Amino acid sequence: MTAPILVITGPSGVGKGTLIKGLLERVPGLELAVSATTRRPREGEVNGVDYHFLGEEDFERRVAAGEFVEHAEYAANRYGTLTSELKRPAGGIVLEIDVQGARQVRDALPEAKLIFIEPPSFEDLERRLAARASDRPEQIERRLAAARDELAAAGEFDHRIVNDDLQRALQELSKLAATMSPL
Ligand code: ADP
Ligand code: 5GP
């Protein structure tokens, strides 16, 4: 049986990972799907925990074998959700994916709930990406370029949450998740 699916999307640096961490602490049984990527691990990231880090060839082979429920190219790297991640028995699964992937999940799994996280302003997004200090300047530029298109797509999704104050946004997200029985 497939677990209930919550999709969190929005531009890089908006706070998706931070919000999901808080949500997982609040909702017992909820699990995060571990995405696959061809991006290099950041310092401290662990294979199989933060991502399944794959080489280009391995990623492409899995695409050809139909192993992904969705996949996309983002900021010059590839990312995708393996179907096997959705089959684990769980009280619910959260996907943290980009807008292209969220559209694919919406089409493939209409029962999934899609939430778009918005920054208070574009300048806040720039500040957060810089403050996170995890990406090189050209990666930050690519992410900000992608963000302009992503922000324009916010209205396509079931719900929108502005991540202004973290605790406030987390409360809004938790309330929304609680309405998604049996999450
Ligand atoms: P994403 O997963 O969307 O790329 P992160 O969760 O990594 O974003 O957050 C990006 C940066 O913004 C991090 O340094 C995080 O601590 C910070 N951040 C997250 N939420 C807020 C917020 N509400 N206000 C200010 N900074 C935030
Ligand atoms: P990062 O490199 O910062 O970890 O992730 C960059 C972007 O890729 C983020 O917007 C993140 O949501 C997205 N992403 C992470 N995993 C997946 C995935 O499995 N599929 C898709 N489509 N996007 C993903």
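This passage walks through the pockets of a predicted model and the two ligands found there. Residues are numbered from 1 along each chain as its sequence is written, while chains are lettered from A and ligands numbered from 1 in the order in which they are written. Local features need pLDDT of at least 70 and side-chain atom pairs count only at pLDDT 80 or more, whereas totals for chains, interfaces and linings use all residues; side-chain values use heavy atoms, with hydrogens and water left out.

Rolling a probe the size of a water molecule over the atoms shows where empty space is left. Here a pocket is an open set of points on a 1 Å grid over the protein atoms alone, where a 1.4 Å probe fits and protein lies on both sides within 12 Å along at least five of seven lines; lining residues have an atom within 4 Å of a point. The largest pocket holds about 1000 Å³ of space, a volume being the space filled by probe spheres set on the points, which are joined across faces, edges and corners. Its lining counts 38 residues, with G17, R42, Y51, E96 and R132 nearest the centre. Helices and strands are DSSP runs (H or I, at least four residues, for helices; E, at least two, for strands), numbered from the N terminus. On that basis, α1 (16–26), β5, β6, α4 (122–132) and α5 (137–152) each give the lining at least two residues, and α1 has the largest share, at six residues. Sorted by class, the lining has 14 nonpolar, 10 polar and 14 charged residues. For this count, Ala, Val, Leu, Ile, Met, Phe, Trp, Tyr, Cys and Pro are nonpolar, Asp, Glu, Lys and Arg are charged, and the others, Gly among them, are polar.

Ligand 1 sits in the largest pocket, and ligand 2 sits in the largest pocket as well; sitting there takes more than half of a molecule's atoms within 2 Å of the pocket's grid points. Around ligand 1 there are 15 residues, and G13, K16, G17, T18 and R132 come nearest. Being near means having a heavy atom within 4 Å. Helix α1 supplies the largest share of this shell, three residues. The backbone gets involved in polar contacts (pairs of N or O atoms within 3.5 Å): an oxygen atom of ligand 1 is 3.0 Å from a polar backbone atom of G15, and a nitrogen atom of the ligand is 3.0 Å from one of D164. The protein covers 73% of the 570 Å² of accessible area that ligand 1 has on its own, by the Shrake-Rupley method with a 1.4 Å probe.

For ligand 2, the shell has 17 residues, with S35, R39, Y51, Y79 and R143 coming nearest. Charged residues number eight, alongside five nonpolar and four polar ones. Strands β5 (68–74) and β6 (77–82) each bring at least two residues to the shell. Here side chains reach oxygen atoms of the ligand: a polar side-chain atom of R42 lies 2.8 Å from one, and a polar side-chain atom of T81 lies 3.4 Å from one. The protein covers 96% of the 510 Å² of accessible area that ligand 2 has on its own.

The second largest pocket has a volume of about 340 Å³. Its lining includes R39, R42, N77 and D135, and α5 gives the most, with three residues. By class, seven lining residues are charged, three polar and one nonpolar.

Methods. A polar contact is a pair of N or O atoms within 3.5 Å; within protein, one must be able to donate a hydrogen and the other to accept it, and residues adjacent in sequence count only if both atoms are side-chain atoms.
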